[in-house]
Amino acid sequence: MCDTCGCNVTHGNRHLIAPGGKLARVGEQSDAITVLKGLLSENDHAAAHNREHFDRHGVLALNLMSSPGAGKTALLEASLERLQQRYRVAVIEGDLETENDAQRIRARGVQAVQIVTGTACHLDAHMVHGALHQIDLDSIDILFIENVGNLVCPASFDLGQHRNITLLSVPEGDDKPSKYPVMFRAADLVAVTKVDLLPVLDDFSVERAVDNVRALANAAPVLELSTRREDSLQAWLDWLDAQVEQHRVSCERGESLRPRVQPDGAHLHRQAL
Amino acid sequence: MHEMAVCQGLIDQVEEVARAEHGRRVARIELSVGPLSGVEPQLLQQAFPLAAAGSLAEGALLAIETAPVRVHCDECGHDSEAGPTRLVCRHCGNWRTRLLSGDELLLMRVEIIREQAYV
């Protein structure tokens, strides 16, 4: 009697091995399929689509990221007037709730589209694409995308932006680049904000903050800004000028400007595998 | 906690692969997730059954392999192990390095079931 030819199957025990029976064997053949694709490829696809849109219309798209309250909206408010002397600007605001930030931007005479994410802790490329339908890209030069205040999740989603700007406000402490390495590694510019508080919060060392950014192998410029000191904003405006120029040159060459670190580094590794 | 969103993207991709290969269901999914990907493997494991419910991947085993953080030094040319918050060269201490691995968020392999019961 054996298990191979079925000679051990009788009328009495057949029900045990029938489908659904106690001793039924499910002979399943499983096949492994190698994929090697980024997990966020759907988002990345939409992001590439956004980037194409921006490039076709000559719009520089900048992704502003930071913890809540680091001063993203305040930085925009403080620089919009001077920026508008040279560029046409629009802003996409991402928040879990309220239109507060968009209203603050509109009060400066600048077009702002609010994305209310509900429970989502980050913007993704699809949300930005939806907001783009409300903006005439031919009528602007720079689009600021103010991400949801969060030092973790926004770093993982490419939106189609050309540059990442990460703010670090003095009250947060100079160790944040080490605590949130994914976010600070992705920054093309680190803006230390609220530096007018440095005399009071003297345990914050700009030098240490810079060292922590460099330890992430990130050579991004680190600017010291205060919206209460207009002269401190000059370096920020100069950096923006340089990005507009770089974007113009790369568009002319038919190339696309990209953040130094793509949220999905998988593209690079795939070649190495 | 954006792992749920990542997981939903994963299920979409896995189902796409399984359908293209005429799979009835998915038995196993293999991912490679680096510490610098911004995605926490443990949270991904927790989110997976919720995202997979009702899909071809329901009940599948999710295997996550964590890639080590490794950098290449542009100064001395050496490759070395690094930590997620310290991507400096172990050999010469230079911080101008390039990441070799550690930020991957990859769907490596999908194991599908094609045939069903025989007696």
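**Close-ups of helix 8 and strand 6 in chain A**

**View 1. The buried side of helix 8.** In this predicted model, helix 8 (residues 206–214) of chain A has these buried residues: A:Ala209, A:Asn212 and A:Val213. Look down the axis of helix 8 of chain A and its buried residues fall within an arc of 100°, so they line one face of the helix. Here's the general idea: an α-helix has 3.6 residues a turn, so residues three or four places apart point the same way.

**View 2. What helix 8 leans on.** Which elements do the buried residues of helix 8 of chain A pack against? They pack against strand 6 (163–169), strand 7 (189–193) and strand 8 (222–224), plus helix 6 (176–179) and helix 7 (181–185), of chain A.

**View 3. Strand 6, wrapped up.** In strand 6 of chain A, 7 of the 7 residues are buried, so the strand is largely enclosed by the rest of the structure. Both of its faces are covered. One side carries A:Arg163, A:Ile165, A:Leu167 and A:Ser169, while A:Asn164, A:Thr166 and A:Leu168 sit on the other.

**View 4. The partners of strand 6.** Strand 6 of chain A pairs in the parallel sense with strand 2 (residues 60–65) of chain A, over 4 bridges. In that pairing, A:Ile165 of strand 6 is the bridge partner of A:Leu64. Strand 7 of chain A also runs parallel to strand 6 of chain A, and 5 bridges join them. Here A:Leu167 has A:Ala191 of strand 7 as its bridge partner.

**View 5. How sure is the predictor?** Chain A averages a pLDDT of 90, and 86% of the residues score at least 70. Over residues 263–273 of chain A, though, pLDDT stays under 50. For that stretch, the model has 22 contacts beyond four places in sequence.

Key
Residues are numbered from 1 along each chain as its sequence is written. Chains are lettered from A and ligands numbered from 1 in the order in which they are written. This is a predicted model: local features need pLDDT of at least 70, side-chain atom pairs count only at pLDDT 80 or more; totals for chains, interfaces and linings use all residues. A residue is buried if 20 or more other C-beta atoms lie within 10 Å of its own, exposed if 12 or fewer, and partly exposed in between; C-beta atoms are placed from the backbone. Helices (H or I, at least four residues) and strands (E, at least two) are DSSP runs, numbered from the N terminus. The arc is that of the directions from the helix axis to the C-beta atoms. Two residues are in contact if their C-beta atoms, placed from the backbone, lie within 7 Å. pLDDT is the predictor's confidence in each residue, from 0 to 100. Two strands pair if DSSP finds at least two bridges between them.
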